[in-house]
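The exercises below ask for a careful reading of one protein model, each with a solution worked in steps. Please keep the sequence and the coordinates open while working through them.

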Amino acid sequence: MARECIITIYLFVFKILFNFFKLFRLKDKTTFIVSFGDNSSYVYNELRKKDYPGDIVFLKNKNVTLNGSYDKNVKIYQFETYHVLDTFFSIYHLATSKYIFIDNYYGFLAGVKFKKSVTCTQLWHAAGAIKKFGLMDPTNETRSKRANARFLKVYNRFDRIVVGSEKLAEIYYKAFAATDKKILRTGIPRTDLFYNEVQSQKKRQKMFDMLPNIRHKKVILYAPTYRESDLHCFELHLNVKDMVNQLGHEYIILLKLHPAVNGQYQLNEELSGRVIDCSGQFKINDLLFITDFLITDYSSIPFEFSILEKPMIFYPYDMESYKSERGFWEDYSEFVPGPVVYKTKEIIDVILNHKFDYEKIREFKGKWNEYSHGHASESLVKELFFKQD
């Protein structure tokens, strides 16, 4: 109840300020609201290539590090923080921009209404989905009617929703109550990198320079999904000591844990050099270029990693409890493009005996990257900004 009151007050104040700034005329301006950043960075770079004449503004979560370089005239503000001036200017830019890009769920959308000539585009942070979200999230059943009504208002603010496949469009029909006319079939911007061999090679070289121990090794990346329980009591459900002992010195293990639990896990000194915690300093997409074997569970990483057509192992050690709490779009074991295992010893066996189905990986790649072929950023910018009527 207290949380709902706080949200109601926040939305009321936000709406008052937004409606005041709506009295100002719209500008030829694009504002990105980012919780993740990658997709927005690729769209920004494409706008710069096309000599987009308008102003560009980034409103970012305090934990977001924007990739690449930005022109000095690009304005960057902290969004939804205790920075009063940043919040003030953020709302001003939201109310006076012709183009809005978002990459996550933003509750403020429930309290505002953009002018008719404004286009709000959802650049969702995942290229696919294993677990349910949005209107299909099972936890909605425990929420109030007011909260669920607010969720629907937020989703109704999306004018366009970018997809990389028809499979993802089908999910958005249910998760966001989206209509087909809202679906923008241009591909996921950040997947462009996976088709660019020059940039990919630069990423690999950068990783080798920063992690010289991985050269000439077979790299195993473990990237588990974040669980809320991890915040209070994190446990690494992977016996990395057994893995390094049984796989041998030609293998090296990288750990990529969620930022919320970064620092809670301490590596045993005897594993130094054999296991590297990359949680705090490396982006997941950069690590994928040096990864030979990916181990994950319910994350969206496989949708992009499949573009590289490399092996994946799925380790859903808590599948039954996770499924009952979050729910899956499809039968998990049939859906994922790799072996499903529940113990560390099974992971070791799969790797040593190379029990992978590459045809299944390629099928998964084609199904979920149907429109992502290396030119998604260009296609998106052309469709929204330079489409010829």
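Two strands pair if DSSP finds at least two bridges between them, and helices (H or I, at least four residues) and strands (E, at least two) are DSSP runs numbered from the N terminus. The model is a predicted one, in which local features need pLDDT of at least 70 and side-chain atom pairs count only at pLDDT 80 or more, whereas totals for chains, interfaces and linings use all residues. Residues are numbered from 1 along each chain as its sequence is written, and side-chain values use heavy atoms, with hydrogens and water left out.

**Exercise 1. Establish the strand order of the open sheet of 5 strands, and say which strands stand at its edges.**

Step 1. Begin with strand 8 (residues 218-222), which pairs in the parallel sense with strand 9 (residues 251-255) over 5 bridges, and also with strand 11 (residues 293-296), again in the parallel sense, over 3 bridges.

Step 2. Continue outward from strand 11, which pairs with strand 12 in the parallel sense over 3 bridges.

Step 3. The complete order of the open sheet is 10-9-8-11-12, with parallel pairing. Strand 10 (275-277) and strand 12 (312-314) each have a single partner strand, so they stand at the edges and one side of each is left without a neighbour in the sheet. From one strand to the next the twist averages 20°, where axes are lines fitted to C-alpha atoms, for helices over the stretch in contact, and angles run from 0 to 180 degrees between N-to-C directions.

**Exercise 2. Trace the residues that stand opposite one another around strand 8 and strand 11, and describe how these strands are covered.**

Step 1. Leu221 stands opposite Leu254 in strand 9 and opposite Leu294 in strand 11, while Tyr222 stands opposite Ile295 in strand 11.

Step 2. Leu294 in turn has Met312 as its bridge partner in strand 12.

Step 3. Strand 8 is mostly covered, with 4 of its 5 residues buried; buried means under 20% relative accessible area, exposed over 50%, and partly exposed in between (1.4 Å probe, protein chains only). In strand 11, Phe293 and Ile295 point one way and Leu294 and Thr296 the other way, and all are buried.

Step 4. Helix 13 (residues 344-352) lies across strand 8, strand 9, strand 11 and strand 12, and runs at about 160° to strand 12; contact here means heavy atoms within 4.5 Å.

**Exercise 3. Locate Ala177 and His216, both of which have a positive phi although neither is a glycine, and decide how exposed each residue is.**

Step 1. For background, most residues other than glycine have a negative phi.

Step 2. Ala177, with a phi of about 50°, has its place in the loop between helix 5 (166-175) and strand 7 (183-184). Ala177 counts as partly exposed because its relative accessibility is 36%.

Step 3. His216, with a phi of about 65°, has its place in the loop between helix 7 (197-210) and strand 8. His216 counts as exposed because its relative accessibility is 81%.

**Exercise 4. Which helix supplies the largest share of the lining of the second largest pocket?**

Step 1. Helix 1 (2-21) and helix 4 (145-156) each supply at least two lining residues.

Step 2. The largest share, 5 residues, comes from helix 1.
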